[in-house]
Amino acid sequence: MKPSLIKQGIAAIAVAAFAVGAATSAVAAPKKGGTLSFVVGSKIPSYDGHQETTFGMIHPIRPFYSLLIRVNPSNPSDPTDFQCDICEGAVPAGAKGGTEYTFKIRKDVQFHDGTPLTAHDVKATFDKIIFPPKGVPSSRKAFFMMVDSVKAPDDYTVVFTLKFPSGAFIPSVATPFNFIYSKKDIDTHGYEWHKKNINGSGAFKFVEHISGQHVAGVRHDGYHHAGKPYLDGFKAISAPKMKVRLDAIRGDRASIEFRGFPPKARDDLVNALGDKITVQESDWNCVLMATANTKNKPFDDIRVRQALTLAVDRYEGSKYLSQIAIVKTVGGIVFPNHPLAANAQELEGLIGYSRDIKASRAKARALLKEAGAEGLEFSFNNRGVDQPYKVVGTWLVDQWRKVGFKPKQRVQPSPQFYATLRKKHDFDVSIDFNCQSVINPIADVTKSLCSAGNNYSQCENQELEDLYMQLLKAETAADQRKIMRVYEKKALDYAGSSITLWWYKINPHRSYVKGWSIAPSHYLNQHLDNVWLDQ
Amino acid sequence: MHSYITKRLLMIIPTLIGAAILVFCLLRIIPGDPCEIRLAGTGLYVDEAEIELCREKLGLTKPLLVQFYHFVTGYVTWDLGESMWTGKPVTEEIGLRFQLSLQVAIMATLVAIIIAIPLGAISAIKQDTWIDYAVRTFSIAGIAMPSFWLGILIILGLLIGTQHFFGEPWMPPIYYVSPFEDLGANLAQLIWPAVATGYRYSAVATRMTRSALLEVLREDYIRTARAKGMLEKIIINRHALKNAMLPVLTIIGIEFAFLMGGLVVTEQVFNLNGIGRLFVESVGAQDFNMTQQLVMLVVVIAVMTNFVVDLFYGWLDPRIRYG
């Protein structure tokens, strides 16, 4: 090696070492103390995670509870990285051909009232979620259709027995709504008690909830993750208006908002505060769809539905919409970049995803002509929420007009919008959406099933149902991926619901907030035990 | 006087019944219900049976007449029930917000009175001078400018101004602290909405004070007082202004009642957890019970405020006698 090359090599190593060192020193040791104030844009219907579905409950209440397992707080973007919360060691792999999962429960976990947490509490919790008695609501019962029984053979062991092996099981367990309740509370006070009372084993203890104003929590000194939490407490301040949430961060009345802001809001904050603001961004496990009412003519004709999806230029749309709305990523029915998702090449082979939009639109026009539906006028139901519904809806109207459709957009407030989708069915095409917490593609793609309660296309498609059962029971990742490709193609070809763009999460926050990493869902990573304030 | 008061109080009953029927029917006409919003409002999978179960628990499956009967009897027995959204007692939910709304209403009224009466009086006394023109311009601007918009400007101005002068942006607190707990923090939050709403309120009252005073100043008894050589200050303060206050008082009464439930947008702008915001949230969540009781509360406030204003007329103008 020539001397100059050696010198260059040494210099390169030195620069690299400096960079690593700088990076290491930049990751300062967490500081203890302080109260985190954050703003929440939605309301708390009740404190019962097993029943509720809104982030308005998760953000202020999740810090009071533990889960059996959770997404890795340091690596929440990885959809396959789960960690034990109240269990010991690594997340167990399925035994007996993937039909038995045994969790060893930590012996140092305590509820806030001082009661030790045991396997019986975990069993009581999952019994309530999976096998609720008649009259007890459980919003995630359907996630656990593979579970046969939950047993606690001793105080610190919980065994889940599955009816069949399923890749959807572990992500379902990690769902952030699965708060671990005390068996004693359930037995003593009944199943309704947790709607209005809190006794968890999370990083923070409940202090107060002033309805419509704030929820406050203080550090739980007996928290089972050593040295955590770092904060003395937190205050979750209710602020329904986005402008207020944005101003609150700017005026330092709140340090962070965990749901997400549109790009313009991010830019305004950064322009006003410079490096006092840190921005974290991520793909978001929510997607908007255009759902056709297959009971309404001519949308009972697959050709008309396919024309709807062929007309849409997702790649160009992404480029422009991502500048003004919380959408960005082009993807199929599976969360983009997940191992089960279609790669770029596979995606381009699906209907509506060709890079050649001229050819797609020509095909759409031909299909419409063939179906006798040229210049079709139809009603397009949309939800009266700006981000991203109205933005994406208006874009879709424009896209459909390019192949001769004449949609009439009808924007309705949320109650009326849902009444139209679920009961009245007085729409031809509607905006629809699928928004989940833990990335669990095998569960998330049930939205495409005609039998699913949240599929509003009123369709019938047994082929998809059969394929889904194969997918649910597929044991290996390779098998799951293979079946998923077929399922995805069939679902998109059927075109009951066509995917538009996946949401994109933007979280600008005060730079002194450390330890919190953005997750691909606004429901995830909200336990706050790793958050600290660099002040 | 007693019979007048009794008559007015009895007249409240049919007003309340009318309001109760109206709000009950209107809420049921709107599609959807609180269970749909709560369980199916996020687009996640939901079992229809669970929605039905929720409806049963909230009593929404009972016949409408039975629901109306419960609503009315609950009102009569002061058992207002629970919020269909939070499950907390309606009295508790409203009580929390009432204190804040009442304080904002009182502060805005004070701001309005402090601005309106002196300005209106000066404007009338100095009619057609530059002072009059300036006051009229100021008051017309107040009428033209929605208070929520002024609120947005105030917050923006505070953020930009404080950053410019002190290096760090400042905005008013975004959650309520009782004045008995921390008067400084309480005023730091509420003074701004009081100014934003009080300005618009004062603009109406200023114009009313001016026109009423101009009218009174042309009365014979004012001319007589001047002819007697009475001091102008005494004429204005003791004889003219008091009599000119009747229409102003009416305006103040109407505006006060409006402020107690109608600050819907301004409360959102300043993130005030008041009655107006609760109204919006209850309607959005289709919380029938809460919305019904809020409407009834606002009706009672409006009726009682008008009643009190009517009684004040007698005090201000001895010619008015109730019988």
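Visitor: Into which domains is chain A divided?

Guide: Welcome! This is a predicted model, and in it chain A is divided into domain 1 (35-255 + 512-533) and domain 2 (283-505). The bounds come from an automatic or database domain assignment.

Visitor: What makes residues of the two domains count as a contact?

Guide: Two residues are in contact if their C-beta atoms lie within 7 Å. By that rule, 21 residues from domain 1 of chain A and 19 residues from domain 2 of chain A take part. The centres of these domains, taken over C-alpha atoms, are separated by 31 Å.

Visitor: What classes of residue make up the side of domain 1 of chain A that touches domain 2 of chain A?

Guide: That side has 13 nonpolar, eight polar and no charged residues.

Visitor: Why are strand 7 and strand 10 of chain A called edge strands?

Guide: Look at the open sheet of five strands in chain A, with the order 7-8-9-1-10 and mixed pairing. Strand 7 (204-210) and strand 10 (256-257) of chain A each pair on one side only, and these are the edge strands.

Visitor: How do you know that strand 7 and strand 8 of chain A pair?

Guide: Pairing needs at least two bridges. Strand 7 and strand 8 (residues 214-219) of chain A have six bridges, in the antiparallel sense, so the rule of at least two bridges is satisfied. For a place to look, A:Ile210 stands opposite A:His214 in strand 8 of chain A.

Visitor: What makes strand 13 of chain A mostly covered?

Guide: A residue is buried if 20 or more other C-beta atoms lie within 10 Å of its own. In strand 13 (residues 377-383) of chain A, five of its seven residues are buried.

Visitor: Which strands are joined to strand 13 of chain A by bridges?

Guide: Seven bridges join strand 13 to strand 14 (residues 406-412) of chain A, running parallel. Strand 15 (residues 429-435) of chain A is also parallel to strand 13, with two bridges. A:Asn381 has A:Arg410 as its bridge partner in strand 14 of chain A and A:Ser430 as its bridge partner in strand 15 of chain A.

Visitor: Which element of chain A gives the largest share of the side that touches chain B?

Guide: The contact takes 40 residues from chain A and 42 residues from chain B. On the side of chain A, helix 14 of chain A gives the largest share, seven residues. By class, that side of chain A has 16 nonpolar, 15 polar and nine charged residues.

Technical notes
Residues numbered from 1 in each chain as written. Chains lettered and ligands numbered in written order. Predicted model: local features only at pLDDT ≥ 70, side-chain atom pairs only at ≥ 80, totals over all residues. Helix = DSSP H or I, 4+ residues; strand = E, 2+ residues; numbered from the N terminus. Buried ≥ 20, exposed ≤ 12 C-beta atoms within 10 Å, placed from the backbone. Nonpolar A, V, L, I, M, F, W, Y, C, P; charged D, E, K, R; others polar.
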